[in-house]
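Let's take a walk through a protein model together. Have the sequence and the 3D view open, and click along as you read.

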Amino acid sequence: MSERPRLTVLSGPSGVGKSTVVAHMRKEHPEVWLSVSATTRKPRPGERHGVQYFFVTDEEMDKLIANGELLEWAEFAGNRYGTPRAAVLERLERGEPVLLEIDLQGARLVRESMPEAQLVFLAPPSWDELVRRLTGRGTEAADVIERRLAAARVELAAESEFDTTLVNTSVEDVARELLALMNVV
Ligand code: ADP
Ligand code: 5GP
């Protein structure tokens with residue numbers, strides 16, 4: 001395997017713990033750069049523009065897509081999400097490790113356009129635990145949770161398309177495994 005930092009994509013069903021794992025990892029290793037996506041979703045309490053996401057209007061998202069400014073984009077549970085292309089390419093050119101936290105459709109698009117990317121799937125210990133985490137987070141209304149659980153069934157069925165699966169039982173363990181996959185430690 002090449003030692004050169006490359007693009008790593010982390011995907012997995014909503015509520016599995018992707019943001020939690022990435023936040024834990026970056027607390028210890030702030031040098032790991034996470035792409036900030038654009039989204040038409042409304043901010044959750046505590047989320048800030050330019051930190052978790054660039055929160056954009058539908059019209060702004062239309063423009064980003066039309067101008068070719070997104071490396072990939074997808075509609076997920078009623079909102080659009082996309083990865084700004086320039087920031088990712090700049091860092092890869094500088095030889096810095098890059099992490100994308102995106103959905104299954106986005107992961108498939110990245111695999112097509114950048115076959116050298118490594119695709120990592122974050123899986124829940126069980127379906128019941130996934131439901132508990134998504135519901136327990138308390139950030140979505142019941143109908144939104146239903147849409148996300150429907151998407152989760154599709155995402156879980158696609159696990160074998162990924163290069164590696166990590167099961168999120170322990171946040172610390174998964175963060176360590178992810179760092180190793182990214183050649184950071
Ligand atoms: P995602 O980013 O995949 O949608 P989050 O990171 O928001 O998921 O996590 C969803 C919920 O699950 C949060 O309340 C979080 O605290 C909890 N969680 C994440 N990882 C674990 C874990 N390993 N064990 C128990 N709870 C977890
Ligand atoms: P959330 O609304 O919970 O923050 O994210 C919902 C889903 O959208 C998650 O699976 C997350 O990984 C995905 N997502 C976030 N940013 C992007 C992106 O830029 N592109 C794609 N395809 N999916 C994204």
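Below is a short tour of a binding site, a ligand and a few residues worth clicking on. Keep in mind that this is a predicted model.

## The annotated binding site

Start with what the record says. An unreviewed UniProt entry puts a "binding site" at Gly12, Pro13, Ser14, Gly15, Val16, Gly17, Lys18 and Ser19. From this set, Gly12, Ser14, Gly15, Val16, Gly17, Lys18 and Ser19 help line the largest pocket in the model.

Where does Gly12 sit? You'll find Gly12 in the loop that runs between strand S1 (7-11) and helix H1 (18-28). Ser14 is in the loop between S1 and H1, and Gly17 is in the loop between S1 and H1 too.

## Three loop residues up close

Are these loop residues buried or exposed? Gly12 has a relative accessible area of 4%, so it counts as buried, the cut-off being under 20%. Ser14 is buried as well, at 7%, and Gly17 is buried with 15% relative accessibility.

Now see what they touch, skipping neighbours up to four places away in sequence. Gly12 is in contact with Lys18, Phe121, Leu122 and Glu155. Gly17 touches Leu122 and Asn168. Ser14 has contacts with Phe76, Leu130, Leu134, Arg137 and Arg148. Zoom in on Arg148: its side chain and that of Ser14 are joined by a polar contact of 2.8 Å.

## Ligand 1

Next, click on ligand 1. How many residues surround it? There are 13 residues around ligand 1, and the closest are Gly15, Lys18, Ser19, Thr20 and Arg137. Gly15, Lys18 and Ser19 are names you've met already, as they belong to the UniProt "binding site".

Look for the short distances between polar atoms. A polar backbone atom of Lys18 is 2.8 Å from an oxygen atom of ligand 1. On the side chain of Asn168, an N or O atom is 2.9 Å from a nitrogen atom of the ligand. Thr169 joins in with a backbone N or O atom, 3.1 Å from a nitrogen atom of ligand 1. On its own, ligand 1 would expose 570 Å², and the protein buries 75% of that.

## Phe121, a partner of Gly12

Phe121 turned up among the contacts of Gly12, so let's visit it. This residue is part of strand S8 (residues 118-123). Phe121 is buried, with a relative accessible area of 1%.

Leaving out residues up to four places away in sequence, Phe121 touches Ser11, Gly12, Pro13, Glu155, Leu156, Glu159, Phe162, Thr164, Thr165 and Leu166. For a sense of scale, pick the C-alpha atoms of Phe121 and Leu70: they are 22 Å apart, and the two residues are separated by 51 residues along the chain.

## Two residues with a positive phi

Last stop: backbone angles. Most residues other than glycine have a negative phi. Which angle does Ala77 show? Ala77 isn't a glycine, yet its phi is positive, at about 45°. Ala77 lies in the loop between strand S5 (70-76) and strand S6 (79-84), and with 22% relative accessibility it is partly exposed.

Asn183 is another non-glycine with a positive phi, of about 60°. Look for Asn183 in the segment after helix H7 (171-181). Asn183 is partly exposed, with a relative accessible area of 28%.

Technical notes. Residues numbered from 1 in each chain as written. Chains lettered and ligands numbered in written order. Predicted model: local features only at pLDDT ≥ 70, side-chain atom pairs only at ≥ 80, totals over all residues. Heavy atoms only, no water. UniProt positions renumbered as here; feature names shortened; annotations may be inferred. 1 Å grid on protein atoms, 1.4 Å probe; cavity = no way out; pocket = protein on both sides within 12 Å on 5 of 7 lines; lining within 4 Å. Helix = DSSP H or I, 4+ residues; strand = E, 2+ residues; numbered from the N terminus. Buried < 20%, exposed > 50% of the residue type's maximum accessible area, 1.4 Å probe, protein only. Contact = heavy atoms within 4.5 Å. Polar contact = N/O pair within 3.5 Å; in protein donor to acceptor, adjacent residues only side chain to side chain. Near = heavy atom within 4 Å. Areas by Shrake-Rupley, 256 points an atom, 1.4 Å probe, with all protein chains shown as cover.
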